[in-house]
Amino acid sequence: MDSIIEVQRKLLPDLLSIMQKRYHILRTIKFMQPVGRRSLATGMSLTERTLRSEIDFLKDQNLVEVYSSGIKLSNEGMEVLENLEGIMREITGINVIEKQLSKKLGLTEVIIVPGDCDQSPWVKSELGKACAVRMKRQWKEKHIIAVTGGSTMAEVAGELTPGMQSEKVLFVPARGGLGEEVHNQANTIVAKMAEKAEAAYKVLYIPDQVSGEAYLSFMKEPMIKDVISLIKSAGMVIHGIGDALAMANRRKTSAEVMNVLNEGKAVGEAFGYYFNEYGDVVHKVKTVGIQLEDLDSTKTVIAVAGGKSKAKAIRSYMKKAPSSTILITDEAAALEVIKG
């Protein structure tokens, strides 16, 4: 594959450029369908005249179908798009970027999807799909899966499908989560994951952050103790990486703590820990569930975060993350992390 692409790059560079453009058109239609020409042109920063010519070509090849409601991929178009994905990773150099990012962060595995979550919201669905595929590769061995809350984890849940050993999988929330938007709570997400994967789940109905006194009180409850025991024994942990100040605002953090975060120049957050750009812990929220020190080498840990704006958060957290962590991110975040 490498040699063929290199020959094409030298002898027919225009061919690869055209292929990339048409691939991106098909990919954008997939996530926006049915979509009108004007919306598609705006979303791809193309002129309507250029797009019209491309759509006419794709229609002649039976790759798209044009209706009054908008443009859709045909079954053949969907098949071609799926077959192109591996090739396009080679052409765009994403495989090379994955190796560069792995080396820079000291990780054994990095998975990158094309695009930028900040610019194209549907790229987050691609992150979810990549995570779902990676999770299912180890379901035979990892039967308890702990999952944090957040919009990215909600996308992962939406992309899950039943797989081998699904009936042996148990989803649990990595920590409490009452107090934030219901659809982004860990309890809601594990329930959706279990439904989509045809698996089992447990919930933990306690707040994400609690006082020391409340924590001791909760831990006396047998049902809560049982769920926390399952969480701690999880063989796989799936989590997001947050922007520090955005997460603090979501948690309705007090002005006093916000000052601590600002003065400490916190940029990233995971599991209730706030990190500065050097990976130092600036502040720790008392949370019920998985703690950073629980992420040992016996667990498969998958961190999912994308968007150029998340680069600092990813870079800061990865200084403290286990080296066995699998990072799933997008192209824009990856390039920004490498550059920094």
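Where is lysine 252 found? I looked this up first, and lysine 252 is in the loop between helix H12 (244–250) and H13. Helices (H or I, at least four residues) and strands (E, at least two) are DSSP runs, numbered from the N terminus.

**Ground rules.** I note that this is a predicted model, in which local features need pLDDT of at least 70 and side-chain atom pairs count only at pLDDT 80 or more, while totals for chains, interfaces and linings use all residues. Residues are numbered from 1 along each chain as its sequence is written, and side-chain values use heavy atoms, with hydrogens and water left out.

**Backbone entries.** I read a general point before going on: most residues other than glycine have a negative phi, and most peptide bonds are trans. Lysine 252 has a positive phi, near 55 degrees, and is not a glycine. At 68% relative accessibility I list lysine 252 as exposed; the cut-offs are under 20% relative accessible area for buried, over 50% for exposed, and partly exposed in between (1.4 Å probe, protein chains only).

Serine 45 also has a positive phi, of about 55 degrees, although it is not a glycine. I find serine 45 in the loop between H3 and helix H4 (48–60), and its relative accessible area of 69% makes it exposed.

I then checked the peptide bond from glutamine 33 to proline 34, which is cis, with omega near -10 degrees. Proline 34 lies in the loop between H2 and H3.

**Aromatic rings.** How many aromatic pairs does a search of the whole structure find? The search finds four. Rings of Phe, Tyr and Trp (its six-membered ring) pair if their centres lie within 6.5 Å; planes under 30 degrees apart count as stacked, over 60 as edge-to-face and the rest as tilted.

One of the pairs is phenylalanine 31 with tryptophan 122, stacked at 4.9 Å centre to centre with 10 degrees between the planes. Phenylalanine 31 lies in helix H2 (residues 13–32) and tryptophan 122 in the loop between strand S3 (109–113) and helix H7 (123–136), so this pair ties together parts that are 91 residues apart in sequence. I have phenylalanine 31 as partly exposed, at 24% relative accessible area, and tryptophan 122 as buried, at 17%.

Another pair is phenylalanine 275 with tyrosine 317, edge-to-face at 5.8 Å centre to centre and 65 degrees between the planes. This pair links distant parts of the chain, with phenylalanine 275 in strand S10 (residues 273–276) and tyrosine 317 in helix H14 (residues 311–318), 42 residues apart. Phenylalanine 275 is buried at 0% relative accessible area, and tyrosine 317 is buried at 0% too. I also note that Tyr273, Phe275 and Tyr317 form one aromatic cluster.

**Charges over rings.** Lysine 284 lies over the face of tyrosine 273, at 4.8 Å from the ring centre. The charged end of lysine 72 sits over the ring of tyrosine 67, 5.5 Å from its centre. The test is that NZ of Lys or CZ of Arg is within 6 Å of the ring centre and within 35 degrees of the ring normal.

**Largest pocket.** Which residues are the closest to the centre of the largest pocket? They are Arg27, Val113, Pro114, Gly115 and Glu126, out of 33 that line it. On a 1 Å grid over the protein atoms alone, a pocket is an open set of points where a 1.4 Å probe fits, with protein on both sides within 12 Å along at least five of seven lines, and lining residues have an atom within 4 Å of a point. H7 gives the most to this lining, with six residues.

**Around leucine 327.** I place leucine 327 in strand S13, where it is buried at 0% relative accessibility. Leucine 327 touches several residues more than four places away in sequence, among them Leu101, Val110, Ile241 and Met318; a contact means heavy atoms within 4.5 Å. The C-alpha atoms of leucine 327 and arginine 89 are 17 Å apart, with their positions 238 residues apart along the chain.

**Helix H15.** The buried residues of H15 are Ala332, Ala333, Ala334 and Val337. I find that they pack against helix H6 (94–105), S3, H14 and strand S13 (326–330).
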